[in-house]
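Here is a set of short exercises to work through with the model open beside you. Try each task before reading its solution.

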Amino acid sequence: MTTEAVEVCPHCMSENVFENWDVEKQGFVAKCWQCGHEIMLCDECLHADDNPKKVCDWHGVYANGKMRGGSCFRGSTHEKSQKRAGASQQEQNPTNIPMQV
């Protein structure tokens, strides 16, 4: 089902609005429009039909006093500089500029 997902980024505190978001197709992880970090769409998870008890088991990963990512039963987030295993070429290089090795 497509909805408008709204989430505040825990990294930069910007409010993100994702119009026409479908968690069944797009999942519960999105990128912050302001800082580019991956964020969990926690409100979508808490109101999902497959989560009637509103379970949240989020565990943040911190280093040097900053959140570096985290995980829950829905998935995990990473710093914007990290490349996720299995990430699409578009996710790894959204500008489509040839990457030098």
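**Exercise 1. Is there a closed space inside?**

Task: Find how many cavities of 30 Å³ or more there are, and work out what lines the largest cavity.

Solution. Keep in mind from the start that this is a predicted model.
- Step 1: The search gives 1 cavity of 30 Å³ or more.
- Step 2: The space in the largest cavity is about 90 Å³.
- Step 3: Its lining is made of Met40, Leu41, Cys42, Cys45, Leu46, Val55, Cys56, Asp57, Trp58, Cys72 and Phe73.
- Step 4: Sorted by class, this lining of the largest cavity holds 10 nonpolar residues, no polar ones and 1 charged residue.
- Step 5: Helix H2, residues 42-46, gives the most to the lining, with 3 residues.

**Exercise 2. Lay out the chain.**

Task: Describe the order of helices and strands along the protein chain.

Solution.
- Step 1: Count the elements: the chain has 3 helices and 7 strands.
- Step 2: Put them in sequence order, and the pattern reads β-β-α-β-β-α-β-β-β-α.
- Step 3: Turn to burial: 29% of the 101 residues count as buried.
- Step 4: Look at contacts between residues at least 6 apart in sequence; 27% of these join residues at least 24 apart.

**Exercise 3. Find the nonpolar cores.**

Task: Which residues make up the largest nonpolar core?

Solution.
- Step 1: Recall the background: in soluble globular proteins, nonpolar side chains tend to be buried together.
- Step 2: The largest core here has 9 residues, namely Ala5, Cys9, Phe18, Trp21, Ala30, Cys32, Cys35, Ile39 and Leu41.
- Step 3: Separate from it is a second core of 5 residues, among them Phe28, Cys45, Ala48 and Cys72.
- Step 4: Two names from the second core, Cys45 and Cys72, may look familiar, and both also line the largest cavity.

**Exercise 4. Check the cysteines.**

Task: Decide how many disulfides the structure has, then look at cysteine 35 and cysteine 42.

Solution.
- Step 1: Searching the whole structure turns up 0 disulfides.
- Step 2: For cysteine 35, the nearest cysteine sulfur belongs to cysteine 9, at 3.7 Å. A disulfide needs sulfur atoms within 2.5 Å, so this pair does not count.
- Step 3: Cysteine 35 has 17% relative accessibility and counts as buried, because the cut-off for buried is under 20%.
- Step 4: For cysteine 42, the closest cysteine sulfur is in cysteine 56, 5.7 Å away, which is too far for a bond.
- Step 5: Cysteine 42 counts as partly exposed, at 31% relative accessibility.

**Exercise 5. Explore the largest pocket.**

Task: Which residues lie closest to the centre of the largest pocket, and which elements help to line it?

Solution.
- Step 1: The largest pocket has a volume of about 290 Å³.
- Step 2: It is lined by 13 residues, and the closest to its centre are Met1, Val23, Glu24, Ala48 and Asp49.
- Step 3: Strand S2 (15-22) and helix H1 (23-26) each provide at least two lining residues.
- Step 4: By class, the lining splits into 5 nonpolar, 2 polar and 6 charged residues.

**Exercise 6. Inspect some loop residues.**

Task: Compare where glycine 27, serine 14, methionine 13 and lysine 54 sit, and say whether each is buried, partly exposed or exposed.

Solution.
- Step 1: Glycine 27 is in the loop between H1 and strand S3 (29-31). With a relative accessible area of 22%, glycine 27 is partly exposed. Beyond four places in sequence, its contacts are Trp21, Asp22 and Leu41. Its C-alpha atom is 8.4 Å from that of arginine 74, 47 residues away along the chain.
- Step 2: Serine 14 belongs to the loop between strand S1 (2-8) and S2, and at 18% relative accessibility serine 14 is buried. Leaving out residues up to four places away, serine 14 touches Glu7, Val8, Cys9 and Gln34.
- Step 3: Methionine 13 is also in the loop between S1 and S2, but methionine 13 is exposed at 61%. Although not a glycine, methionine 13 has a positive phi of about 65 degrees.
- Step 4: Lysine 54, in the loop between H2 and strand S5 (59-63), has a positive phi near 55 degrees. At 48% relative accessibility, lysine 54 counts as partly exposed, because exposed requires over 50%.

How values were computed:
Residues numbered from 1 in each chain as written. Predicted model: local features only at pLDDT ≥ 70, side-chain atom pairs only at ≥ 80, totals over all residues. Heavy atoms only, no water. Core = buried A, V, L, I, M, F, W, Y, C linked by side-chain atoms within 4.5 Å. Buried < 20%, exposed > 50% of the residue type's maximum accessible area, 1.4 Å probe, protein only. 1 Å grid on protein atoms, 1.4 Å probe; cavity = no way out; pocket = protein on both sides within 12 Å on 5 of 7 lines; lining within 4 Å. Points joined across faces, edges and corners; volume = space filled by probe spheres on them. Helix = DSSP H or I, 4+ residues; strand = E, 2+ residues; numbered from the N terminus. Nonpolar A, V, L, I, M, F, W, Y, C, P; charged D, E, K, R; others polar. Contact = heavy atoms within 4.5 Å.
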